[in-house]
Amino acid sequence: MSLVISDDIIQVSGLSEREFLIEIVIMLFQQEKISLGKASELLEMHRMQFQRLLAERGICVHYDVAEFKEDLKTLQEMGW
């Protein structure tokens with residue numbers, strides 16, 4: 001599915017297309033509609049870069065036990 005946002009809406013917002021996309025993705029992340037990984041993917045940004053963006057805005061990263069276990073598993077598979 002593709003979403004088309006009119007140039008008028010973007011112009012009225014005072015944001016560039018990229019900035020507008022960032023705001024939408026952050027809003028969806030804050031509302032727990034998308035994961036950290038999906039948000040990073042949508043913005044074509046490394047997860048750590050997205051986390052840094054969130055930190056700059058004072059937004060907490062949703063990180064639960066299941067995600068922690070998955071990260072541990074990934075690190076173990078990588079030989080850490």
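In the predicted model, a search of the whole structure identifies two salt bridges. One of these joins Arg 57 to Glu 23, with a separation of 2.6 Å between the closest N and O atoms. This pair connects distant parts of the chain, since Arg 57 is placed in the loop between helix H4 (47–56) and helix H5 (65–77), whereas Glu 23 belongs to helix H2 (residues 17–30), the two residues being 34 residues apart. Neither partner reaches the cut-off for an exposed residue, which is over 50% relative accessible area: Arg 57 is partly exposed at 39% relative accessibility, and Glu 23 is likewise classed as partly exposed, at 32%.

The other salt bridge is formed by the side chains of Glu 41 and Lys 38, with an N to O distance of 3.2 Å. Both residues lie in helix H3 (residues 36–42), where they are three residues apart and therefore separated by about one helical turn. With respect to solvent accessibility, Glu 41 is exposed, having a relative accessible area of 51%, while Lys 38, at 35% relative accessibility, counts as partly exposed. The value for Glu 41 is classed as exposed because the cut-off for that class is over 50%.

The analysis of open space was directed at the largest pocket, which holds about 170 Å³. Its lining consists of His 46, Arg 47, Met 48, Gln 51, Asp 71 and Thr 74. Helices H4 and H5 each contribute at least two residues to this lining, and the largest share, amounting to three residues, is supplied by H4. When the lining is divided by residue class, it comprises one nonpolar, three polar and two charged residues.

Two of the lining residues can be described in further detail. Met 48, which is part of the lining, lies in helix H4 and is partly exposed, with a relative accessible area of 47%. Gln 51, also part of the lining, is found in helix H4 and counts as partly exposed at 22% relative accessibility; the lower bound of that class is set by the definition of buried residues, which requires a value under 20%. The position of Gln 51 may further be related to that of Leu 36, since the two residues are 15 residues apart in sequence and their C-alpha atoms are 8.1 Å apart in space.

On the surface, a nonpolar patch is formed by Val 61, Tyr 63, Phe 68, Leu 72, Leu 75, Met 78 and Trp 80, which together present about 750 Å² of accessible area. One of these patch residues, Leu 75, lies in helix H5 and is partly exposed, with a relative accessible area of 37%. The C-alpha atom of Leu 75 is 15 Å from that of Met 48, the two residues being 27 residues apart in sequence; this distance relates a member of the patch to a residue of the pocket lining.

Backbone geometry was examined for residues with unusual phi values. Most residues other than glycine have a negative phi. Against this background, Glu 32 has a phi near 60°, a positive value in a residue other than glycine. Glu 32 is located in the loop between H2 and H3, and its side of the class boundary is clear from a relative accessible area of 58%, at which it is exposed. A positive phi, in this case near 50°, is also found for Glu 44, which is situated in the loop between H3 and H4 and is exposed, with a relative accessible area of 75%.

The loop between H2 and H3 also contains Lys 33, which is exposed with a relative accessible area of 58%. The C-alpha atom of Lys 33 is separated by 15 Å from that of Asp 64, a residue 31 residues away along the chain.

Key: Residues numbered from 1 in each chain as written. Predicted model: local features only at pLDDT ≥ 70, side-chain atom pairs only at ≥ 80, totals over all residues. Heavy atoms only, no water. Salt bridge = Lys/Arg side-chain N within 4 Å of Asp/Glu carboxyl O. Helix = DSSP H or I, 4+ residues; strand = E, 2+ residues; numbered from the N terminus. Buried < 20%, exposed > 50% of the residue type's maximum accessible area, 1.4 Å probe, protein only. 1 Å grid on protein atoms, 1.4 Å probe; cavity = no way out; pocket = protein on both sides within 12 Å on 5 of 7 lines; lining within 4 Å. Points joined across faces, edges and corners; volume = space filled by probe spheres on them. Nonpolar A, V, L, I, M, F, W, Y, C, P; charged D, E, K, R; others polar. Patch = residues over 30% accessible without salt bridge, like charges linked within 9 Å, V, L, I, M, F, W, Y side chains within 5 Å. Areas by Shrake-Rupley, 256 points an atom, 1.4 Å probe, with all protein chains shown as cover.
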